[in-house]
Every structure is written in structure tokens, then in C-alpha cells.
Amino acid sequence: MQQEIIDWFEVEGRDLPWRQPDFTPWGSLVSEFMLQQTPVARVIPKLEEFLTRWPTPAALAASPSGDAVRAWANLGYPRRALWLHACAVTIVEKYNGEVPHNVEELLTLPGIGPYTARAIAVFAYGAHEPVVDTNIRRVIARHNQGNADQGPPSTTRDLEAMTALLPSPELSPVFNAGMMELGALICTARNPLCQACPIARTCAWKNAGYPEHVGPKKTIQKKYEGSDRQARGAVMKVLRESHRVVTTDELSAHWHDAAQLGRAISGLLKDGLIELVSDDSYQLPA
Ligand code: SF4
């Protein structure tokens, strides 16, 4: 399985910015933050803009966190921009401006969890570590375990499953990337392209005749339209685009439901994404 995936990836893997040989560890870190919740096609232009403006952790750390939130624009989940800024500050203060190499140190940085820490260690520094995202979990569930669906995540179990598959240290970064790419392009959630799959011959799920999933399902994300998350997005958009202090009255012209608007403002204040300037006016973090 390992060599088939590596051979397939070397031919079919997409030519993405973070796979270029001169891509920096800081670039890997920024791209991983952006890719946490946003599709590749939307990340690429924003990543280029972001890295042109802030090519190093020191450059971002020297700017106000509100600039990072504004530059995050419509990537969604803007708390990631605050964490990224906090990460840059910590890297400058604790690591002399260099993105740390090992998983333990990376895990101490704000906004970095088990997936992101390993992805940076592996893709930026070539570490011999398992990287486990949804795509990899789905490939393992189908090919190795014969299940249609990966079910809910479990960090310990998922890392063990991928660790058991890792080839030699020299090959494990490309194997991690290949597994991820296979799940993104071929072994997709809805329509797996088994006829184009390099590991179809040994796939337990395919060879069992594609049995239906049994057991716990993945959690389904709530509808965005009309949600509190959309109300937060509307408030953030006004503040990002206005470049000034904005009042509640002005915000209410952009969101019709007063109770939801109130919840959105309170939540954003609590998360540090906006700041209270006077009784009822707000701005991005200074
Ligand atoms: S054969 Fe089909 S189900 Fe099995 S790993 Fe490949 S794409 Fe996924």
C-alpha cells in the first residue's frame, strides 16, 4: 500500500504552494491554519497575500492583531487569525523567531492541536510522525478496516492507526502527503473513484462489496444560513471593511434579528475578535 500511494502521489499530486521546495516553515504554519476550515481554492490567493505582507513570524508579531483579522477577510472562523497572531508573538518571544521543529514544542503554540503540530513537523521539517486529517481517516477506515465511513475522530486511536502504516523515516513525509491527497481527490466522502485508486486491489471495503456504514456517524455541521455564526460573520464583515469604529445601530442595518446580533457581539467581544470602544461602539483589536 505505501509504495503504491507514494508512486501515485509523485505523478498525480497537485502542485500546491505549500509543496514547493522553497516554501518556509512559517509558510507551512500559516497554510495549515488557513486549511483547518477552508477549502484549498479559497486558501491559495489569501495565503499568497498574507505571506507577502508578513513573510516571517516577526513581521506578523510587529503588526496589531486586528490587521491579521482584517487580512483574514472571508476565510471564515476568524479566531484562527487571532491565534495565528498569538503564535507569531510566541515564536518571536520563545523561539527566537523560528517555527519550532518538534511536535511537543509546536503543541505549546496557540491554536495548534495534534493535527496541525504534526503537519508542520512533517511537511516543514520532514519529521517521522503520523499526520491524521479527515481524508486520511477515511482512507484508513475504508482500505484497512473495511468501513464505509471513518466515524467520529479519536486522536489516540487515529494516530496509532496511521503510525502503524508509516514507512521508513525518509519516505514517511511523502506517504503522509499521498494519503491525504488520495482522500482529497480519489477516496472522497461521497463518490470514491475506485477505478482510479492505486490501492483498489487491497481495499477491504471495496473487496467486501461496499457494505453500509454501521456504528456512530460523523457529526453533521449545523446549517450556516440564519445561524449565529452567520450573524458573527456579518458583524466582522462590517468592521473589517469600515476601517473605523462602528456603532450597534450601524451593525443592526446589516443583521435584522436584534437578539442574534446581541449574541454575536457578545461572543465576538468574549473571543477578543472585536473591542468595545464606548458604550455601544466597536472596532477590530488594536
Ligand atoms: S478502492 Fe475505493 S474505497 Fe478503497 S481506498 Fe480506493 S477509492 Fe477508497
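Here are three short exercises, with worked solutions, on a predicted model.

**Exercise 1.** Find which residues have the most contacts inside the largest nonpolar core, and which helix gives the most to this core.

*Solution.* Start with the core itself: it has 50 residues, and Trp26, Leu29, Phe50 and Leu84 have the most contacts inside it. Next, look at the helices that each supply at least two residues, including H2 (25-35), H3 (40-53), H6 (79-95) and H13 (228-242). Of the helices, H6 gives the most, with seven residues. Finally, check the domains: at least three residues of this core come from each of domain 1 (1-220) and domain 2 (228-283).

**Exercise 2.** List residues in contact with Trp26, leaving aside its neighbours within four places in sequence.

*Solution.* Take heavy atoms within 4.5 Å as the cut-off. With those neighbours set aside, the contacts of Trp26 include Leu51, Trp54, Pro55, Pro57, Leu84, Ala88 and Ile91.

**Exercise 3.** Describe how domain 1 and domain 2 meet: how many residues are in contact, how much area is buried, and which residues form the salt bridge?

*Solution.* First, place the domains: their centres, taken over C-alpha atoms, are 32 Å apart. Then count contacts: eight residues of domain 1 touch nine of domain 2. The two domains bury about 790 Å² between them, with 60% of it on carbon and sulfur atoms. Now turn to the polar side, where five residue pairs are in polar contact and the salt bridge count is one. On the domain 1 side, H5 and H6 each supply at least two residues that touch domain 2. Last, name the salt bridge: Arg79 pairs with Asp271, and their closest N and O atoms are 3.5 Å apart.

Terms used
Residues are numbered from 1 along each chain as its sequence is written. This is a predicted model: local features need pLDDT of at least 70, side-chain atom pairs count only at pLDDT 80 or more; totals for chains, interfaces and linings use all residues. Side-chain values use heavy atoms; hydrogens and water are left out. A nonpolar core is a set of buried Ala, Val, Leu, Ile, Met, Phe, Trp, Tyr and Cys residues joined through side-chain atoms within 4.5 Å. Buried means under 20% relative accessible area, exposed over 50%, partly exposed in between (1.4 Å probe, protein chains only). Helices (H or I, at least four residues) and strands (E, at least two) are DSSP runs, numbered from the N terminus. Domain bounds come from an automatic or database domain assignment. Buried area is the accessible area (1.4 Å probe) that two parts lose on being put together, summed over both. A salt bridge is a side-chain nitrogen of Lys or Arg within 4 Å of a carboxyl oxygen of Asp or Glu. A polar contact is a pair of N or O atoms within 3.5 Å; within protein, one must be able to donate a hydrogen and the other to accept it, and residues adjacent in sequence count only if both atoms are side-chain atoms.
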